[in-house]
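Please take a moment with the sequence and the model shown here. The paragraphs after them go through the structure part by part.

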Amino acid sequence: MKITPGKLAGLKAVSNARNVIAAAAMDQRGSLQKSLASARGAAADGHDLEVFKTLVTEVLTGYASAILLDPEYGLPASKFRNGKGLLLAYEKTGYDANTPGRLPDLLNDWSVRRLAEAGADCIKILLYYTPLDTPEINNQKHAFIERVGDECRAHDIPFFLEFVGYDETGADEKTVAYARKKPSIVAGAMKEFSKERYGVDVLKVEVPIVMEFVEGTKAYKGASAYTRAEAIEHFRTAASVTENPFIYLSAGVSNPVFIETLELAAESGVHFNGVLCGRATWKDGIPIYAKQGPEAFRNWLNTTGVENIENVNKALEAASPWTSKVEAI
């Protein structure tokens, strides 16, 4: 993949010394607010989100190569990132559940230009996507990503595309039935958005399996979607459809499960290029902040939170530098 000087500089800014992306994710908005309110038993507001994000950023960027934030509540936190790189989210949080297809939308008051002016080294979009949805739905999503890709090209800034799969029939994604569909959903999305027309520089992808349905793993809960050997092959198949740099997201699983997932990726031999890891690092601190306040959460981050991210960093020894997949122009 050929890459321009601005995009090359942006990718370097969010990478570690090995040119592996070891970034923390803290761009959750609606889901984080709900989680804080649920743990507290009372409302959580925008100030809570700003404080929570600032504490995560201040502590964890001591151990991460970059932080992913949102411009709605995360800009105060961006001032405490220990000189590390900054990715900013461009999409609105969530989706309209009353409209079919989980269609994406952009933040009204932001543009790639404005995000770059706010300090972004890279731009990130989250897209709910399955190749199994209708052509009408997916055609809208393809055009949407083309527009964002062209905007990032115009400003010579890296474009990270995160896609999260779903069941096109509306069925539960936590079932063994969906787990069996997931490998084709992940691989299909990776293949589609590796096309040059979209201008995506880094694919931020789900792992192509669900660990609790993999026989022989510590995460296994008794219902089987794949053997360990089949799971390893799903990693290889998904990786084979793209020559683009790609990184894994943690998708809300616990730290031990995410570490075991990365170990399985390493065992498969795929050349993944890092992670953007959010909830697997800080999720268990939500009740600490909600019930005991900011200082207790800071203490938790400095102990358990740091331990979590160091676990991820150790697992990232198996990751490959993205520089092996790009050519400067």
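**Strands, helices and a few single residues**

In strand β9, Val-275 is the bridge partner of Tyr-248. The model in which this pairing appears is a predicted one. Tyr-248 comes from the pairing of strand β8, residues 246-249, with β9: the two run parallel and are joined by two bridges. Between these strands the chain passes through helix α9, residues 255-268, and β8, α9 and β9 together make a right-handed β-α-β unit.

Val-275 also has Ala-22 standing opposite. This belongs to the pairing of β9 with strand β2, residues 21-25, which is parallel and has four bridges. How do the side chains of β9 point, and are they buried or exposed? Gly-274 and Leu-276 point one way, Val-275 and Cys-277 point the other way, and all of them are buried.

From β2 the pairing can be followed to strand β3. β2 and β3 run parallel and are joined by three bridges, and Ala-25 has Leu-68 as its bridge partner in β3. Strand β3 covers residues 66-69 and is covered on both faces, with Ala-66 and Leu-68 buried on one side and Ile-67 and Leu-69 buried on the other. β3 pairs in turn with strand β4, residues 85-89, again in the parallel sense, over four bridges. There, Ile-67 stands opposite Leu-86 of β4.

The next topic is the cysteines. How many disulfides does a search of the whole structure find? The search finds zero. In general terms, a disulfide is a covalent bond between the sulfur atoms of two cysteines. Here a pair counts as a disulfide if the sulfur atoms are within 2.5 Å. For Cys-277 in β9, the closest cysteine sulfur is that of Cys-122, at 18 Å, so the two are too far apart for a bond. Cys-122 has its own closest cysteine sulfur in Cys-152, at 9.3 Å, which is also too far for a bond. Both residues count as buried, because the limit is under 20% relative accessible area: Cys-277 has 2% relative accessibility, and Cys-122 has a relative accessible area of 0%.

Helix α12 covers residues 294-315. Why does its length agree with expectation? At 1.5 Å a residue its 22 residues should span 32 Å, and the end C-alpha atoms are 29 Å apart, so the two values agree. The helix has a bend of about 40° at Leu-301. Leu-301 is also one of the buried residues of α12, which include Phe-297, Trp-300, Val-306, Ile-309 and Val-312. The buried residues of this helix pack against α3, α9, β9, α10 and α11. Two of these partners, α9 and β9, are parts of the β-α-β unit described above.

Another of the partners, α3, contains Asp-48. Asp-48 counts as buried because its relative accessibility is 9%. Leaving aside neighbours within four places in sequence, Asp-48 is in contact with Leu-36, Arg-40, Ala-43 and Tyr-289.

Two other helices can be placed through single residues. Glu-146 is in helix α6, residues 135-154. Apart from neighbours within four places in sequence, Glu-146 is in contact with Arg-197 and Tyr-198. From Glu-146 to Lys-314 there are 168 residues in sequence and 36 Å in space, C-alpha to C-alpha. Ala-116 is in helix α5, residues 112-117. With a relative accessibility of 32%, Ala-116 counts as partly exposed. Ala-116 and Val-253 are 137 residues apart in sequence, and their C-alpha atoms are 31 Å apart in space.

Two loop residues remain, and they concern the backbone. Most residues other than glycine have a negative phi. Asn-19 is not a glycine, yet has a positive phi of about 60°. Asn-19 is found in the loop between α1 and β2, and counts as buried at 13% relative accessibility. Arg-102 is likewise not a glycine and has a positive phi, of about 50°. Arg-102 lies in the loop between β4 and α5, and counts as buried at 18% relative accessibility.

Note on methods. Residues numbered from 1 in each chain as written. Predicted model: local features only at pLDDT ≥ 70, side-chain atom pairs only at ≥ 80, totals over all residues. Heavy atoms only, no water. Contact = heavy atoms within 4.5 Å. Buried < 20%, exposed > 50% of the residue type's maximum accessible area, 1.4 Å probe, protein only. Pairing = 2+ DSSP bridges. Right-handed = clockwise from strand over helix to strand, strands pointing away. Expected span 1.5 Å × (residues − 1). Bend = angle between axes of the 7 residues up to and from the residue.
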